[in-house]
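Below is a walk through one protein chain, from a single loop residue out to the whole fold. Keep the sequence and the structure side by side while reading.

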Amino acid sequence: MRWALVKVCLAVTAMVVVAFAVPLGLVVREMARDRAFSNAEREAAVLVPALSITTDREELERVLASAGAGDGLAVHLPAGDGRTAVDLGRRRAAEEDVAAVRRLGRASTAEVPGGSALLQPVALGSGTVVIEVFVPEAEVTNGVGTAWAVLAAVGAALVVGSVAVADRLGVRMVQPAQRLAEGAHELGEGQLGVRVPEEGPTELRRAAVAFNSMADQVVQLLANERELAADLSHRLRTPLTVLRLNAASLGDTPAAEQTRAAVAQLEREVDTIIRTAREAKPQTAAAGPGAGCDAAEVVRERMAFWSALAEDEDRKVRVAGVERPVRIPVARADLAAALDALLGNVFRHTPEGTAFAVDVHNGDDAVIVLVSDAGPGIADPESAMARGRGSGSDGSTGLGLDIVRRLAESTGGDVRIGSSVLGGTEVRLWIQLDGRESGPSRRGHRGSVRRRRTRRSASPFNRSRSHP
């Protein structure tokens, strides 16, 4: 916008300067010409009194000498036979021009080598005398060049001055807009303390006031949300205490140990939620080079936990791709929560005895975690991905897949739902390793990963079946 204002002001000022400077330059040239011929008329008027008294050659020569005209003045006296004779001075005008002036009886100018000649007729008793005054070209254009240079300098100064003023005005308008845009960008990145100075034009001041008010409301809303999450999590402590006491009385059976481990883990998760919710600032920075976890280790750990329940429900379980470490830029707790959400969906929404599998594919720039089952599947994947919608059954909140989606998108990846080779639903968790956004290059890489899987599956994403 700043340069647009400068360009507009430059164009307008240039048009104004041209509109005024060109006519003024022409007027200056005409004024210089009129001045030169006015001087020539005055020189011619010096001889008129002498010619009215006498036409004697010697007398007229003395008059010319006293006037100091030099060879720029000539007098044409009529001859007795009607021919034009040059009695005094140097004649420059053509004979026909002199004869025309004598015949018409009015002054005229004629172009001659080196300038112009003013022909002034004087009527006497013996005939008409023509006085010729030579006007050099340098005298006609005297001062014109200087005047034009001054006009050009004034025009250039006006253009430069207008551009400078427009630039200052543009800065005054653009800087508040830039600060407002930067503030919005920083607020979007999670810097909740950013505020915009309320200065500049009236409209931008109002926008800055509205932005600061919005930022204050965002901070207040987030604070309220954190407190609400902390309060709700704190309410879980009482039933957790009861569960822990009941689990302690179950004895030393494997099921009792698993129950106690689950209760302990649940208490840790609640404590983590309370601490995170009550932090003064939300975590918005990207994970550093050393952050992340071993996806293979997390998968093995969570599958060991869910395998006991799978064994009780007579489910066949298969795990692949976890033999070697697979580093991903995701916190261990976040990946574990995502896996628990996916595996919990399998146990919650498929009949007992339904087989399921977890596969980990480690690519050059991405890691894919596939959770598939042999259940009936769901025909509407979009509804399954919608946050908070759920499947309508008891215990379904619709937040499980949203947790998985947000974890994938935090790395630049995504989540896809399709049909598995087992006949049920397959959820593909795509975790980007370099943090790039989705684009054509990533889609090409996905194609290569899929081709590696076609040896054991027949396009599992061609049919629209999803996990709840």
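Asp314 sits in the loop that connects helix α9, residues 295-312, with strand β7, residues 317-320. The model is a predicted one. In this model the phi angle of Asp314 is near 60°, a positive value in a residue that is not glycine. Is Asp314 buried or exposed? Its relative accessible area is 62%, and because the exposed class begins over 50%, Asp314 counts as exposed.

The two elements on either side of this loop both belong to the surroundings of a sheet. Strand β7 is part of an open sheet of five strands, which follow the order β7-β9-β10-β12-β11 with mixed pairing. Strands β7 and β11, the latter spanning residues 414-419, are the edges, as each of them pairs on one side only. From one strand to the next, the twist averages 15°.

Within the sheet, strand β9 covers residues 356-362 and strand β10 covers residues 366-373. These two strands run antiparallel and are joined by seven bridges. Which residue of β10 is the bridge partner of Asp359? The partner is Leu370.

Helices lie across this sheet. Helix α9, which precedes the loop of Asp314, lies across β7 and β9 and runs at about 170° to β9. Helix α10, made of residues 332-349, lies across β9, β10 and β12, where β12 is residues 425-432. The angle between α10 and β10 is about 20°. Strand β9 is thus crossed by α9 and also by α10.

Another part of the chain to look at is helix α1, which takes in residues 2-53 and contains Leu24. Leu24 is one member of a nonpolar surface patch, together with Val8, Val12, Met15, Val16 and Phe20. The accessible area of the patch comes to about 580 Å². How does Leu24 itself classify? Its relative accessibility is 42%, and since partly exposed covers values between the buried limit of 20% and the exposed limit of 50%, Leu24 counts as partly exposed.

Now take the chain as a whole. Its secondary structure consists of 13 helices and twelve strands. The chain has 468 residues, of which 36% count as buried. About 26500 Å² of the chain is exposed, and carbon and sulfur atoms supply 56% of that area. Among contacts with a separation of 6 or more, 66% are between residues 24 or more positions apart.

Definitions and conventions: Residues numbered from 1 in each chain as written. Predicted model: local features only at pLDDT ≥ 70, side-chain atom pairs only at ≥ 80, totals over all residues. Heavy atoms only, no water. Patch = residues over 30% accessible without salt bridge, like charges linked within 9 Å, V, L, I, M, F, W, Y side chains within 5 Å. Areas by Shrake-Rupley, 256 points an atom, 1.4 Å probe, with all protein chains shown as cover. Salt bridge = Lys/Arg side-chain N within 4 Å of Asp/Glu carboxyl O. Helix = DSSP H or I, 4+ residues; strand = E, 2+ residues; numbered from the N terminus. Buried < 20%, exposed > 50% of the residue type's maximum accessible area, 1.4 Å probe, protein only. Contact = heavy atoms within 4.5 Å. Pairing = 2+ DSSP bridges. Axes fitted to C-alpha atoms, helices over the stretch in contact; angles between N-to-C directions.
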